[in-house]
Amino acid sequence: MSDATANRVGTPARAADSADSADFAGLAARAARLDAEDGLGKLRERFALPEDLVYLDGNSLGALPAAVPGAVDDVIRRQWGELLIRSWDESGWWTAPERIGDLLAPLVGAAAGQVTVGDSTSVNLFKALVGAARLAAPGRTRMLVDAATFPTDGYIAASAARMTGLEVVPVEPGEVLGALGDDTAVVLLNHVDYRSGRLHDLPALTAAVHAAGALVVWDLCHSAGALPVGLDAHGVDLAVGCTYKYLNGGPGAPAYLYVAARHQDAFDSPLPGWNSHAEPFAMTPEYVPARGAARARVGTPDILSMLALEAALGVWEGVRIEEVRAKSLALTDFFLECVAAYVPAGKVEAVTPREHGERGSQVSLRCANAREVMAELIARGVVGDFRAPDVLRFGFTPLYVGFADAERAARTLGHIFG
Ligand SMILES: *Cc1c(COP(=O)(O)O)cnc(C)c1O
């Protein structure tokens, strides 16, 4: 294969329909065997998913964990309806941001006391970037920002930079090494690119940023819950992420902010609300920041969605993220293989890297009329999503997606092009 065609997938010289019977028998049998051997397969029972749906959009909105409706019902009827204001203490509402942060922390490789849940990813990015700029060594003037980033990160970075007197420099993650210098204050990177599904090398990039004397902020929206992150192990400074994608917290579920323990005492939040005060109920006019993770809080936590998230995190009990990663790679490999078998040559092109070390937990395929193709897939019971201008995204969430789902999704795509 030449470089130009290396990412082409598809069956040469055969229409998908005629290719179907032989390929179908072999791939469907393989899928059944892989599902039977899958140690995580039974975790699908922890989710309430429509029976006949292939759901490959958990990288946008995770599925509903079966325990959530009952937990939310209790929060609303008993904790709120009966206990009322007593629930701030008796139901643990007040301490929920740090408690749920600690529940989530192992999934991103953080020891307890460094992750705070609350607010949106956008708001946490603002806290992280301004906080990082205020922690940076004086005299440094530049904020390097992932040029391919999800738009909100770029918008927020521009404002944070303006507020802190830094200049934003857009940089492709592959070119960060060359762009670092003794004028670099802060670097904002995405662990996995939301459009292409490319995984960036967090350990190496973090080390390089530190070698240049700067701080790094990682956005984990598309990696947390899908692969090992290792925030503590790799010495990350600050990180943010959402909880409604691979963490299944539900629509608009609160995001989180990680501030490494070594930075907490100097972390100067740009949103020092009363919840981050050392003594919130002293109601003093002077602001005295809380120590530890609580300093990342702002105002009253969004209890209903936060406690839905707490119940949702129960699906991770007994699950090792390394196992999730292994299954994710096997699923995406198998999906690519099925696409190659079922989709006529030249119709789609994989945007997501083949190399495991550079692949997140999604497969992005570029094709003509991608918007219409995705609408047709959804009409046939295979839910992925479309990103402008020409990308089909398929998210593989190993807790509830199996190999038969991957096979059916690729076969359905083949039929659409057949
Ligand atoms: C999903 C996502 C967001 C979402 O931001 P919100 O403030 O939660 O809407 C931000 N950044 C990235 C990289 C994302 O993938």
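## Exercises on a predicted model

**Warm-up: the sheet.** The model has an open sheet of seven strands, ordered β3-β9-β8-β7-β6-β4-β5, with mixed pairing. Strands here are DSSP runs of E of at least two residues and helices are runs of H or I of at least four, numbered from the N terminus; two strands pair if DSSP finds at least two bridges between them.

A quick note before you start: this is a predicted model, where local features need pLDDT of at least 70, side-chain atom pairs count only at pLDDT 80 or more, and totals for chains, interfaces and linings use all residues. Residues are numbered from 1 along each chain as its sequence is written, and side-chain values use heavy atoms, with hydrogens and water left out.

**Exercise 1.** Find the strands that stand at the edges of the sheet, then look at how β7 and β8 are joined.

*Solution.*
- Step 1: β3 (115-117) and β5 (167-171) are the edge strands; each has a single partner strand, so one side of each has no neighbour in the sheet.
- Step 2: β7 (residues 215-219) and β8 (residues 238-241) run parallel and are joined by three bridges.
- Step 3: Look across from Val217 and you'll find Leu238 in β8.

**Exercise 2.** Work out how helix α4 packs against helix α10.

*Solution.*
- Step 1: α4 (residues 96-104) and α10 (residues 303-312) pack at an angle of about 25°, and their axes are 10 Å apart. (Axes are lines fitted to C-alpha atoms, for helices over the stretch in contact, and angles run from 0 to 180 degrees between N-to-C directions.)
- Step 2: That makes α4 roughly parallel to α10, a label for angles under 35 degrees.
- Step 3: Now the contact, meaning heavy atoms within 4.5 Å: α4 brings Ala96, Pro97, Arg99, Ile100 and Leu103, while α10 brings Ile303, Met306, Leu307, Leu309 and Glu310.

**Exercise 3.** Track down the backbone oddities at Leu84, Asp119 and Pro389.

*Solution.*
- Step 1: Start with the usual picture: most residues other than glycine have a negative phi, and most peptide bonds are trans.
- Step 2: Leu84 isn't a glycine, yet its phi is positive, about 50°. Leu84 sits in the loop between α2 (68-80) and α3 (87-90).
- Step 3: With 46% relative accessibility, Leu84 counts as partly exposed (buried is under 20% relative accessible area, exposed over 50%, partly exposed in between, with a 1.4 Å probe and protein chains only).
- Step 4: Asp119 has a positive phi too, about 60°, in the loop between β3 and α5 (121-135).
- Step 5: Ala388 and Pro389 are joined by a cis peptide bond, with omega about 0°. Pro389 lies in the loop between β13 (385-387) and β14 (391-395).

Definitions and conventions
Angles under 35 degrees count as roughly parallel, over 145 as roughly antiparallel, 65 to 115 as roughly perpendicular and the rest as oblique.
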